[in-house]
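Trainee: I would like to test some structural terms against the numbers. Can we go through them one by one?

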Amino acid sequence: MKESIFHRLYDEYHQDVFQFLIYLVKNRSIAEDLSQEVYIRVLRAYDKFEGKSSEKTWLFSIAKNVAIDYFRKNNVRERHTFDAFEWESEQLVSPARTPEQFLEMSEDMRQLLEALELCTGDQKMVIVMRYFQDLSIGETAEILSWTESKVKTTQHRAIKTLRGILEQDGKEVNS
């Protein structure tokens, strides 16, 4: 891989990849480590990149896989067994409460991020990609290796779940 290509990819997408990872793991230093892992994988795999997708969706696919690997490793460590981690149905709950910027967020955003932690891994990935990273349904489907229909369905279910959680939280506050 030519150095200039790597630098261009890094300069153009690093902030987006980092933000995506920080929304998933809620820890700046872990997100930095995972971002580094993404670019190590990019260096190793760029020669195999066929251009069937955009570089952006390819990078997010790698970032998604790095995040899944992180959660799998943590899950195995926590359970002390080698049971399979079902990331599609299990919740992706990070060990740290929030990223540094969490303190600066509005109360609504804080509640939304807390509610997002209660969604399944699939739902969390779709919401982060669609609404935090502004990826299209097509880009999200490509990154996750899903159909656009599955992305739409998962997004719909995630929004329904989030709405229910936030409405319940609102009722508890008003009680």
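Mentor: We take the fold, one helix and the core in turn. Keep in mind that this is a predicted model.

Trainee: What helices and strands does the protein have?
Mentor: Seven helices and zero strands. From the N terminus the order is α-α-α-α-α-α-α.

Trainee: How do you know that helix 5 reaches close to its expected span?
Mentor: Helix 5 covers residues 121-132, 12 residues in total. The expected span is 1.5 Å times one less than that number, so 16 Å is expected. From first C-alpha to last, helix 5 reaches 15 Å, close to that value.

Trainee: Why is helix 5 called largely enclosed?
Mentor: Buried means under 20% relative accessible area. In helix 5, 11 of the 12 residues are buried, so the rest of the structure largely encloses this helix. Among them are Asp122, Lys124 and Arg130, along with Met125, Ile127 and Phe132. Across the protein, buried residues make up 43% of the 175 residues.

Trainee: What follows helix 5?
Mentor: Aspartate 134, with a positive phi near 55°.

Trainee: Which residues have the most contacts inside the largest nonpolar core?
Mentor: Phe20, Leu21, Val38, Val42 and Leu59, in a core of 48 residues. Elements giving two or more residues to this core include helix 1 (3-25), helix 5 and helix 7 (148-174). Helix 1 gives the largest share, 11 residues.

Trainee: What makes valine 38 a contact of Leu59?
Mentor: Contact means heavy atoms within 4.5 Å, so a pair that touches meets that cut-off. Valine 38 touches Leu59, and also Val17, Leu21, Ile62, Ala63 and Val66, not counting residues up to four places away in sequence.

Methods:
Residues are numbered from 1 along each chain as its sequence is written. This is a predicted model: local features need pLDDT of at least 70, side-chain atom pairs count only at pLDDT 80 or more; totals for chains, interfaces and linings use all residues. Side-chain values use heavy atoms; hydrogens and water are left out. Helices (H or I, at least four residues) and strands (E, at least two) are DSSP runs, numbered from the N terminus. Buried means under 20% relative accessible area, exposed over 50%, partly exposed in between (1.4 Å probe, protein chains only). A nonpolar core is a set of buried Ala, Val, Leu, Ile, Met, Phe, Trp, Tyr and Cys residues joined through side-chain atoms within 4.5 Å.
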